Amino acid sequence: MLDNGGVEKTVRVDGQEIAISNLDKVLFPDDGITKAQVIEYYRKIAPFMLPHVQGRPLTLIRYPDGIGKHGFYQKSVSDYFPEWIDQVTVDKEDGTVTHPLANNAATLVYLANQAAIVLHVWTSRVPAVETPDIVVFDLDPSDEDFRVVRSAAKDTKAVLEAIGLVPYLQTTGSRGLHIVVPIVPELHVDEVRRFAHEAAEAIARRAPHRYTTDVRKVKRAGRLFLDTGRNAYAQSFSAPYTLRSKAGAPVATPIAWDELPRATPQKWNIGNIFRRLSRTGDPWAGMKRDAQNLQAAWDKLRTLSSSVKR
């Protein structure tokens with residue numbers, strides 16, 4: 001356990017010596033949560049988090065002066081990052097960008113020391129960065145009423161299971177939920193995004209007065225937005241077990257479906273997540289075993305949609 005004393009110290013994680021500093025700096029001003037506590041969180045959460053983030057390009061959201069001040073997104077590896085942090089260079093519109101990879105606990109600790117409070121990850125892993133192994137549905141409500149989010153989650157689950165997929169559930173630590181579906185990494189990212197959009201439209205048709213796929217807020221009319229944009233190339237979503245930059249330090253938490261009736265988007269946080277994990281373990285453990293062929297599911301979706309339209 002790290003303490004807040006001292007200006008700088010060195011810790012050894014996964015065989016790497018990591019200099020950590022400013023441990024008493026408060027990063028969550030409403031709660032008094034310090035940098036030392038954030039670093040310790042990422043050190044302890046590593047066994048649960050790493051299976052879900054290893055090999056996925058990272059986007060960091062850093063708050064050097066705490067979440068009460070301006071933060072910034074960082075996709076590229078800084079020149080001063082140590083050589084032992086794994087990285088991947090990927091194409092972008094005007095060239096390339098080199099992302100860090102969180103492949104071990106040492107990297108999580110190092111990035112936490114850089115005040116990278118929030119970690120986002122891609123839906124694909126190296127080396128096949130254009131071939132996702134998960135599909136993400138972001139259930140984004142128009143207000144704080146979580147009942148419609150629970151309803152949308154159940155409707156999404158019903159449609160996905162009807163076409164042979166196995167959906168997993170995650171609180172976001174913000175307002176909504178993520179539904180994450182493991183797939184066999186065979187289809188190009190553009191095709192996966194098209195599938196996700198068609199699936200979201202099928203879900204929206206179940207309750208068009210409550211759900212929408214319209215990206216324009218002015219067109220949503222208070223309805224929950226079924227967001228599939230995170231499935232596009234180079235887009236990302238809140239990594240499982242990442243902290244979020246909100247009061248209370250909520251955690252994006254994988255949960256079991258039978259927890260949905262009692263779940264709230266910020267129920268788990270830096271203070272209670274380890275008590276939860278000691279009781280439940282990781283509900284996403286073994287997710288890879290449920291990966292399904294997406295093309296077969298897509299064919300079923302189109303058959304299902306055609307029958308509904310008739």
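Which residues lie nearest the centre of the second largest pocket? They are Pro51, His52, Arg125, Met287 and Lys288, out of 21 that line the pocket.

Before going further, some housekeeping. This is a predicted model, in which local features need pLDDT of at least 70 and side-chain atom pairs count only at pLDDT 80 or more, while totals for chains, interfaces and linings use all residues. Residues are numbered from 1 along each chain as its sequence is written, and side-chain values use heavy atoms, with hydrogens and water left out.

**Pockets**

A pocket here comes from a 1 Å grid over the protein atoms alone: it is an open set of points where a 1.4 Å probe fits, with protein on both sides within 12 Å along at least five of seven lines, and lining residues have an atom within 4 Å of a point. Grid points are joined across faces, edges and corners, and the volume is the space filled by probe spheres set on the points. For the classes, Ala, Val, Leu, Ile, Met, Phe, Trp, Tyr, Cys and Pro count as nonpolar, Asp, Glu, Lys and Arg as charged, and the others, Gly among them, as polar. Helices (H or I, at least four residues) and strands (E, at least two) are DSSP runs numbered from the N terminus.

| Pocket | Volume | Lining by class |
|---|---|---|
| Largest pocket | about 330 Å³ | 6 nonpolar, 7 polar, 6 charged residues |
| Second largest pocket | about 250 Å³ | 14 nonpolar, 2 polar, 5 charged residues |

The largest pocket has 19 lining residues, and the closest to its centre are Asp138, Ser174, Arg230, Ser238 and Arg244. Strands β9 (116-121) and β10 (134-140) each supply at least two residues of that lining, with β10 giving the most at 3 residues. For the second largest pocket, α1 (35-53) and β12 (177-182) each supply at least two lining residues, and α1 is the top contributor with 4.

**Cores**

Helix α1 turns up again in the packing. A nonpolar core is a set of buried Ala, Val, Leu, Ile, Met, Phe, Trp, Tyr and Cys residues joined through side-chain atoms within 4.5 Å. Buried means under 20% relative accessible area, exposed over 50%, and partly exposed in between, using a 1.4 Å probe and protein chains only. The largest such core has 91 residues, and Tyr42 and Phe195 have the most contacts inside it. The largest share of this core, 10 residues, comes from α1. Apart from it lies another core of 6 residues, including Val88, Val90, Leu101 and Trp122.

What does tyrosine 42 touch, not counting residues up to four places away in sequence? Counting a contact as heavy atoms within 4.5 Å, the answer is Met49, Leu108, Ala112, Ala116, Ile117, Val118, Leu119, Tyr241, Thr242 and Leu243.

**Around α2**

Leu108 and Ala112 both belong to the buried residues of α2. In fact 9 of the 9 residues of this helix are buried, so α2 is largely enclosed by the rest of the structure. The cover over its buried residues includes β1 (8-13), β2 (16-21), α1, β5 (58-62) and β9. Just after the helix, alanine 115 takes a positive phi of about 60 degrees.

On the other side, asparagine 104 sits in the loop between β8 (95-100) and α2 (105-113). Asparagine 104 counts as buried because its relative accessibility is 19%. Leaving out residues up to four places away in sequence, asparagine 104 touches Asp14, Leu50 and Trp84.

**Strands**

Strand β8 pairs with β7 (residues 87-92): the two run antiparallel and are joined by 6 bridges. Two strands pair if DSSP finds at least two bridges between them. A hairpin links β7 to β8 through 2 residues, and threonine 89 stands opposite threonine 98 in β8.

There's also an open sheet of 4 strands, in the order β6-β5-β9-β15, with antiparallel pairing. β6 (72-74) and β15 (237-238) are at the edges with a single partner strand each, so one side of each has no neighbour in the sheet. The β9 to β15 pairing is antiparallel over 2 bridges, and phenylalanine 237 in β15 is the bridge partner of valine 121.

**Glycine 32**

Finally, is glycine 32 buried or partly exposed? Glycine 32 counts as partly exposed because its relative accessibility is 37%. Its place is the loop between β3 (26-28) and β4 (33-34). Beyond its neighbours within four places in sequence, glycine 32 is in contact with Val26 and Gln37. The C-alpha atoms of glycine 32 and arginine 216 are separated by 37 Å, with the two residues 184 apart along the chain.
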